[in-house]
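Good morning, and thank you for the time. I would ask you to look at the model on the screen, and I will then go through some of its local features.

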Amino acid sequence: MKRGVLAPLIRDFLAMRSNLGYRSKGPKYSLFAFDRFTMAKGLHDVTITQELATEWCNRRPNEAADTWSHRNCFLRQFAVYLSNLGYETYIPQAMKVPRQDTFIPYIFSDDEIKAIYIACDTLVLYDRHTRTSIMMLPALIRLLASTGIRIGEAVNLAINDVNLEQNYLTLRNTKNGTDRLVPISDSLAGVCKQYLRYRKLLPATSEYFFVKLNGLACPAKGIALWWAKILKTACIRRRGLTIGPRIHDLRHTFCVRSLAHSLSEGRDLYYILPILSTYMGHMSLASTDRYVRMTSEMYPELLGKTDSICSYIFSELNYR
């Protein structure tokens with residue numbers, strides 16, 4: 001992939017962060033995206049102009065506040081790094097994220113989830129090559145929808161991380177730097193076993209569970225084009241890359257439906273939220289409580305069961 005003039009310094013910056021113990025991959029994806037952005041704008045010198053920084057830092061349509069602030073923060077850190085090296089560069093000001101966020105995730109209906117499964121099962125490969133990830137998609141999408149784990153956590157699973165005897169996944173080096181166990185249903189385990197029978201016929205070139213036809217691992221960003229095809233086949237209108245429906249919305253859907261199912265069975269919200277928060281790998285309940293009002297809005301019949309606690313604990317919902 002062609003890189004811009006900032007790419008070598010971005011690599012040095014990321015190496016420095018890694019040596020300091022930072023493990024997040026967010027800066028890598030964001031800064032190399034910024035590098036591609038500067039290439040398209042014709043940047044030839046090692047610098048970050050105010051015009052480039054301002055355009056890059058503008059909030060995008062329906063962009064979550066966290067995503068927006070992280071993108072700005074990464075650029076600011078890199079700009080400070082360049083300045084410390086002696087380069088003349090504009091350093092964006094630290095931004096304050098507004099408390100009220102307008103981002104609204106897409107929640108799939110039961111019929112849409114079924115249509116997505118059917119679309120995965122009927123995908124056709126028109127070009128014969130081994131770099132495709134088409135074979136793993138039916139199992140991968142079902143796993144995401146059924147467990148709510150992140151796409152990055154799913155594609156990073158090793159074969160030994162998928163226990164199909166006791167039905168659980170071991171997620172390692174997750175977004176928040178912790179490992180966790182995720183139970184799976186018998187039906188999902190059956191899907192994984194079926195996939196594994198075909199996966200064993202592929203070249204033994206990788207220990208990852210989900211692989212392309214050449215046996216190599218498939219990065220999360222490699223699923224994007226297939227996801228667009230799946231939505232089109234399932235007749236689900238796509239509103240844009242940042243607006244969705246995104247593959248990450250399968251995770252939001254899982255959270256909302258898990259809460260709705262638990263509340264419909266009369267379980268206490270005080271007990272549900274800490275369990276769901278731990279299961280999802282959230283750092284705190286603040287990352288989970290946003291789903292409470294989403295659940296009560298989508299399922300009015302449950303409103304009475306959630307209002308008593310929502311009214312004074314979760315007074316404002318921030319979709320992030």
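**Strands, spaces and contacts**

I begin with one residue pair: Thr-170 stands opposite Leu-181 in strand E3. Please keep in mind throughout that this is a predicted model.

That pair belongs to a sheet. Three strands make up this open sheet, in the order E1-E2-E3, and their pairing is antiparallel. At the edges are strand E1, residues 162-163, and strand E3, residues 180-183, each of which pairs on one side only. Between E2 and E3, which run antiparallel, there are four bridges. On the other pairing, E1 and strand E2, residues 168-171, are joined in the antiparallel sense over two bridges. Here Asn-163 stands opposite Tyr-168 in E2. E1 and E2 form a hairpin, with four residues between the two strands. In the turn, Asn-167 has a positive phi of about 60°.

I turn now to the salt bridges. How many does the structure hold? There are seven salt bridges in the structure. One of them is formed by Asp-121 and Arg-142, with the closest N and O atoms 2.8 Å apart. Asp-121 lies in helix H5, residues 110-121, and Arg-142 in helix H6, residues 137-147, so this pair ties together parts that are 21 residues apart in sequence.

Next, the empty spaces. The structure holds one cavity of 30 Å³ or more. The volume of the largest cavity is about 40 Å³. Which residues line the largest cavity? Its lining consists of Leu-144, Ile-149, Arg-150, Ile-151, Ile-247, His-248, Leu-250 and Arg-251. By class, that lining has five nonpolar, one polar and two charged residues.

Among the pockets, I would point to the second largest, with a volume of about 280 Å³. It is lined by 16 residues, and those that lie nearest its centre are His-129, Thr-132, Gly-222, Leu-225 and Trp-226. The lining of this second largest pocket divides into seven nonpolar, four polar and five charged residues.

Finally, the surface. Met-16, Leu-20 and Tyr-22 form a nonpolar patch there, and together they have about 320 Å² of accessible area. Where is Tyr-22 found? Tyr-22 sits in the loop between helix H1, residues 7-19, and helix H2, residues 26-40.

To close, let me return to two places on the screen. One is the hairpin of E1 and E2, with Asn-167 in its turn. The other is the salt bridge of Asp-121 with Arg-142. Thank you; I am glad to take questions.

How values were computed. Residues numbered from 1 in each chain as written. Predicted model: local features only at pLDDT ≥ 70, side-chain atom pairs only at ≥ 80, totals over all residues. Heavy atoms only, no water. 1 Å grid on protein atoms, 1.4 Å probe; cavity = no way out; pocket = protein on both sides within 12 Å on 5 of 7 lines; lining within 4 Å. Points joined across faces, edges and corners; volume = space filled by probe spheres on them. Nonpolar A, V, L, I, M, F, W, Y, C, P; charged D, E, K, R; others polar. Patch = residues over 30% accessible without salt bridge, like charges linked within 9 Å, V, L, I, M, F, W, Y side chains within 5 Å. Areas by Shrake-Rupley, 256 points an atom, 1.4 Å probe, with all protein chains shown as cover. Salt bridge = Lys/Arg side-chain N within 4 Å of Asp/Glu carboxyl O. Pairing = 2+ DSSP bridges.
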